[in-house]
Amino acid sequence: MPRRDDLTTILVIGSGPIVIGQACEFDYSGTQACRVLRDDGYRVVLVNSNPATIMTDPDFADRTYIEPLTPEVLARIIERERPDAVLPTLGGQTGLNLAMALYEQGLIGRPGTPEMIGADAEAIATAEDRERFKEAMVEIGLDVPRSGIAHDVATAVAVADDVGLPVIIRPAYILGGRGTGIAVTTDEVVRLAAIGLAASPIGEILVEESIAGWKEFELEVMRDRADNCVVVCSIENVDPMGVHTGDSITVAPAQTLTDVEYQQMRDDAFACIRRVGVETGGSNVQFALDPVTGRQVIIEMNPRVSRSSALASKATGFPIAKIAARLAVGYTLDEIQNDVTGVTPACFEPTIDYVVTKVPRWAFEKLPGTSGVLGTQMQSVGEVMAIGRTFPESLQKALRSLEQGRAGLNCDAAERQLAARVTDELLVAVATPTPDRIFQLGELLRRGVTVDDLNAACRIDAWFLDQLLAIVEERGALEEHSGPDELATREWRRAKRLGFSDVQLAHLWSVSEVAVRTARQACGVEPTYKTVDTCAPSSPPRRRTTTRRGRTRARSVRRTARASSFSARAPTASARASSSTTAASTPASPCARPASRRS
Amino acid sequence: MSDPKRSELLVATGPNQPVATSRMRRADGILVLADGTLFEGELIGASTAAAGEVVFNTAMTGYQEILSDPSYAGQIITFTTPHIGNYGVNLADFEARRLFCRGVVVRELARRPSSRRSTGDLDSLLRRYDVPGITGVDTRRLTRLIRETGAIPGAIGPADDVARITAAAADEPGTDGIDLVSTVTTAEPYTVGGDGPFRVVAYDFGIKRTILRHLAELGVVEVVPASTPAADVVARRPDGVFLSNGPGDPALLPGPVAAIQELLGTGIPVFGICLGHQLLGRALGGDTVKLAFGHHGANHPVKDLTTGAIEITSQNHNFAVAVGSIAGVADLTHVNLNDGVCEGLAARDANAFGVQHHPEAGPGPHDSRYLFHRFLARMTSAGGRSAVTVGGSMSGDEPVGLPVPERGVG
Amino acid sequence: MINCNPETVSTDYDTSDRLYFEPLTQEDVLHVIAAETAAAGGVPPKVIVALGGQTPLKLASLIPPQLVAGTAAASIDLAEDREKWNALCHELQIPQPPGGTATDLEDALDIVSGIGFPVLVRPSYVLGGRAMQIVHDVNQLATAMAELAGFGSLGREGGLSAERPVLIDRFLASAVEVDVDAVRDHTGEVLIGGVMEHVEEAGVHSGDSACAIPPPTLAPWVVEVIAAYTAAIAERLDVRGLINVQYAVVGTTVYVIEANPRASRTVPFVAKATGVPLAKVATRVMLGATLAELRAEGLLVESALRDHVAVKEAVLPFSRFPEVDPALGPEMRSTGEVMGIDATFGRAFYKAELAAGNPLPADGTVFLSLADPDKPAGLVVAKRLRQLGLGVVATQGTADYLARFGQGVDEVVAKVSEGAGKTAVDLIAAGEVTFVVNTPQGRGGRTDGEQIRKAATLHRIANVTTVDAALAAVQGLLEQRGHPIAVRSLQEHHAP
């Protein structure tokens, strides 16, 4: 099914200003969409109120409207530009809500008006209305948390009694979990229901069995018009349920699922996207897994490109938004090329041989009066991502990427603040999710608190805690040396593989960062950079194309993303070969070279 | 088919216990390839040296299923996914009665597993089945190397024994020209399933338990050794004959190919998976070729040419049916979208079809499970006992040695 | 490209030839430079630090200086080091608000004795005006100094020091704040990208303030002076690329507040308002092109600012933090921004507020509660609201003041703290007002105003917390009245 020729002009709705829960990831997705739609010859009309976006650079659309994102304004633009279709799934919740408002007013999605491509009103309503979503999921046999819907406080209390406290209260049609909270007592139900009802544009809340403490997973799913489905990436939240996924430290791919569990989740995610009826494009499906009983429930799905899609795209090299835009205009997954390999189709599931860690960044210090406690309502203002060959390496890199004065998982000047606190107090503290919890866990492990005790306290999976312990134990081993000159190549490499920065090592030995670097480089330990190739280098590299053929085709030049991973240049045979990998400045590898040609 | 005894699998650590502390240093180890390339790491698993053909698998979940897949007989498996052993091991996820691979190479073996399904840790499992391994290896570099040179013989052993390990790698013949099927096939016929209306005779070239579970939903499955003559199969009065997956080069199995040729003449529906598919291709007169480094992963897109649908498949093979060689006798039904390799065929003049990938998916995506329904449909229309619905539970007598999966069968 | 933020277009695989997903630390940046040098056969790359805000600018001094493209690290230091900067302004005879640097309370008191209260107190080398305060007396000063000593990274790194002092400046009350983005090339030509006038007066962080281009109230000669100052500063700093300079205009005096030789957050706004691709132009200039060359090749076009005005408005996160007072101050708290573009300032402001989710009311009743210094302007606001046919309710003090000038109100509400009778919070909760104008009364304490502002945020009633914004709002309402919103694309606005 090739490109649709019955469409000429497509209206792309942007996501408006950066707010908590909706950052520049939708600039990224919208920009990709504008690019590919224009490359495919469509006339693109873009509307977004946010000037601080790439997509509103006038080069990215045929008509760029920096205008308020209200139904009235959109109606004027539709009247002026007469688009054949509206693409609402790349502008975050704002784009989706606006499209629904336009649909309600009869301006789009009806005969004689612009068509809604990507997801239609029915699909959006099914995914966004929690009660409808739950019914739909039960209908196809998926397990969901027990819940009920309320339009007033009294009903909310009755539902809470029914499903059992604690309950989680979520308003319908909201951005990034705003107005959501967990109530442990009936008094809290009353208070949070009132806030939730006020936050919901339609005055509706869902009162739901709390599954706080369960493990949380997300799958990024794509579907095309021919009903082909693929999972782009699985994501595991380090912080268990109870912390908004936007406020959780997350890891891709999922680390603690057996194949049986993962495939069940994959089947359920496909069943979900099909039932909801997202005809083409990407969706984010969230699951919770009870670590004790193994019960797995579906939490929610976003029938659109989401924050996690940006992360998944960059973690795997699979450009979800770009492909979603092309699927929306009729292509099928097998007709679209994998950008990174340049030769294989986009109809595949990336496999990666590294670990990606995302850590949110908060700004509580600017908001005096806030508690700094994380919950089901998203509060972070941004995030960082780091790639490492292992979780410890990527976590430490991500923590120093935050630019909040930390050099990794402790082992820096800022850890002094933790040193002053007694163990019992810290053990209590880690039960509450906060931005500092990860550092507190590191400190407690250093003091000898066991993984099992910490797991009981914070319910973070023991595997993750044991990985933190690996970092902490390595620090102990490094501390047995008195300075950087004592380390052998093998020890340098081990420290670097666990993500220790020169700054951390300098702190450990009270020497300068330069002294550490000099000693390390004297041992020949330098980073190598590995390519994000979508396929865990399972196929040979294609010759790097450097020919540029005209402006639009310039993008055929190979783009690669890389992440460092330490190894030593000398003196062993393996180290030498690793460094040659570096020097070769490897281009991305196609997932498949026709094997038959070689045989 | 015997099951590993629980007492042996439930190793000393019990579920979710730390298996190694940082202070417990593992012995330094090396992996040497036949071309002399050396990788450093630390030894895990059984404390023996081992040699085999080094291959890689890119699946991100399912290491236990992969390690216990008989198709890996004679091979040393490299996992591209860096963290291996995270969720431990359990009884349900075994694909065979023991491990058949020769060794395992990982980037980072989990220090402690964490999963409610876990009944032991991977390191202990490797020791239990005498499989050595190495962790801390730059698996990306190794994978790139295999990708460039193809599967290559190699050896794992202690770092202080470079000369011996290097010699072992050089002496290792790999899998070319070696009959590996005879090392993995069952010695005696056995039966699984029982309630369903159909009788399926399954050739065991290295059959996986997940396949047996799917076949058992169709009825009684009589598993027979690879060397079983066609007449013995026909004598069992099957509604369908299944040709299993297995290790190595199909060209080395003239016996089974001859048996299949005979069976094709009977009109009994035949279904082959992986090696079974390749043998079917040869029985139809086609050729098989060795791929550069094969397909080993859980993310290969395959198009079903009969419906146009695309399925993401689990694959593990080094050989394939040469597309041109079956022209006229069979139709190409499935093709690998990455590289055009033949993924499925249907005979024109015989009631037989096969697929190169693994529709049973243990591990891997479930997209291709419909193929068992196609087998069912062929058995039904060939006048099998009666039509049945598929997808029911495996209630009733559990077949011996078939651990009950917790979810997701069917 | 090196960046660690997965959300941005900059970390799209299509954006750069090679993308390094690495932390922005010295160690990582040096490694990437080494890797790229090796990949290029020993030729080191040029490094652009001026387009990523404060983070890469700080890295500029940590990498080999010859690699930095554009403005040299020494120039960046010249603009950031308080003493050198003062000397530079002195030499150019550009007025600055009086002030100094202090490492303890004693120093601070010394400075204040020379310049008088109120003063603006802020840590040096921090982002986004963090921990910036306006201080009115000695007690507040002592508190502020104590807080700063333990503040954030300062606290972690051992408190205040000579390298990390506190900056204390005379606070210029009622000043008009102005932002300028300019580009200078190596020949010395300076392009003034845009002169932006802030809606809120000095004291509100520029990132949280609305601003307009072209400046709606500044006299043309003031704009010319500002342009001349900017060119002189850029020249003196030997800028190669972008520079952002902030000014405060009091009466006829133009004070320079600070200069940053890098891309500022207003660059995209200016580019979209004027049609001049400032970041592209600046990047080419950093790599050696001249403005004349870029003009010749057609990249640098004339500003299209002829018959439209653009207003940028900040978007604040308060609806998510109902416990926080939404009054604006010197610390930046906005998360994002929107732009309104239309034929007049009023209409553009109207659109900007609409886009920011703070729609100006077409009808209904407006609640007014003003601090004393704001009352004269508030009188104008009240008059205009009446002209527009809107109802007005006010607190006792505001109502009394308005009555004195013949402006009656429909209802006087009780003080929240008195708890007797209907209060503004009650009105807001009941949905009886459609717009809230509440300007902060002095400082500290849990004032009525704070509760009113929080209530407006909680119940999502459009509101403004400065009288300047209220004036702009009534202007917008007047100009928009009776017209449907007109839309026009950037391509049409920019057409020559």
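Two strands pair if DSSP finds at least two bridges between them. Helices (H or I, at least four residues) and strands (E, at least two) are DSSP runs, numbered from the N terminus. The exercises below use a predicted model, in which local features need pLDDT of at least 70, side-chain atom pairs count only at pLDDT 80 or more, and totals for chains, interfaces and linings use all residues. Residues are numbered from 1 along each chain as its sequence is written, and chains are lettered from A and ligands numbered from 1 in the order in which they are written.

**Exercise 1. Find the strand order and the edge strands of the five-stranded open sheet in chain A.**

Step 1. The order is E3-E2-E1-E4-E5 in chain A, and the pairing is parallel.

Step 2. Strand E3 (63-65) and strand E5 (115-116) of chain A each have a single partner strand, so they stand at the edges, with one side of each lacking a neighbour in the sheet.

Step 3. Take one pair in detail: strand E1 (residues 9-13) and strand E2 (residues 43-47) of chain A are joined in the parallel sense by five bridges. Opposite Val12(A) stands Leu46(A) of E2(A).

Step 4. As background, strands of a sheet pair through backbone hydrogen bonds, either parallel or antiparallel.

**Exercise 2. Describe the seven-stranded open sheet of chain C and the helices that lie on it.**

Step 1. In chain C the strands follow the order E10-E9-E6-E7-E8-E11-E12, with antiparallel pairing.

Step 2. Strand E10 (253-260) and strand E12 (336-342) of chain C pair on one side only, and these are the edge strands. From one strand to the next, the twist averages 25°.

Step 3. Strand E11 (residues 309-315) of chain C runs antiparallel to E12(C), and seven bridges join the two. Ala310(C) has Ile341(C) in E12(C) as its bridge partner.

Step 4. Helix H9 (residues 267-274) of chain C packs on this sheet, and the strands of chain C that H9 touches include strand E7 (190-198) and strand E9 (241-250). The directions of H9(C) and E7(C) make about 100°. Here, axes are lines fitted to C-alpha atoms, for helices over the stretch in contact, and angles run from 0 to 180 degrees between N-to-C directions.

Step 5. Helix H10 (residues 278-286) of chain C lies across E6, E7 and E9 of chain C, at about 45° to E6(C).

**Exercise 3. Classify two helix packings by angle: H6(A) with H7(A), and H12(C) with H17(C).**

Step 1. Fix the classes: angles under 35 degrees count as roughly parallel, over 145 as roughly antiparallel, 65 to 115 as roughly perpendicular and the rest as oblique.

Step 2. Helix H6 (residues 153-163) and helix H7 (residues 186-199) of chain A have axes 9 Å apart, at an angle of about 135°. H6(A) is therefore oblique to H7(A).

Step 3. List the contacts, where two residues are in contact if their C-beta atoms, placed from the backbone, lie within 7 Å. From H6(A) come Val153(A), Ala156(A), Val157(A) and Ala160(A), which meet residues of H7(A) including Val189(A) and Ala193(A). This contact has eight nonpolar, one polar and no charged residues. In this count Ala, Val, Leu, Ile, Met, Phe, Trp, Tyr, Cys and Pro are nonpolar, Asp, Glu, Lys and Arg are charged, and the others, Gly among them, are polar.

Step 4. Helix H12 (residues 345-355) and helix H17 (residues 467-480) of chain C cross at roughly 105°, their axes coming within 7 Å. H12(C) and H17(C) are therefore roughly perpendicular.

Step 5. Among the residues making this contact are Phe345(C) and Tyr350(C) of H12(C), and Ala472(C) and Leu477(C) of H17(C). By class, the contact of H12(C) with H17(C) has seven nonpolar, four polar and three charged residues.

**Exercise 4. State which chains are in contact, and give the residue counts on each side.**

Step 1. Two pairs of chains are in contact, and chains A and C share the most contacts. Chains B and C have no contact; their closest C-alpha atoms lie 18 Å apart.

Step 2. Between A and C, 80 residues of chain A are in contact with 61 residues of chain C. Strand E16 (residues 382-388) of chain A gives the most to chain A's side, with six residues. That side has 38 nonpolar, 21 polar and 21 charged residues.

Step 3. Between B and A, the contact takes 62 residues from each of the two chains. On the side of chain B, E15(B) gives the most, with eight residues.
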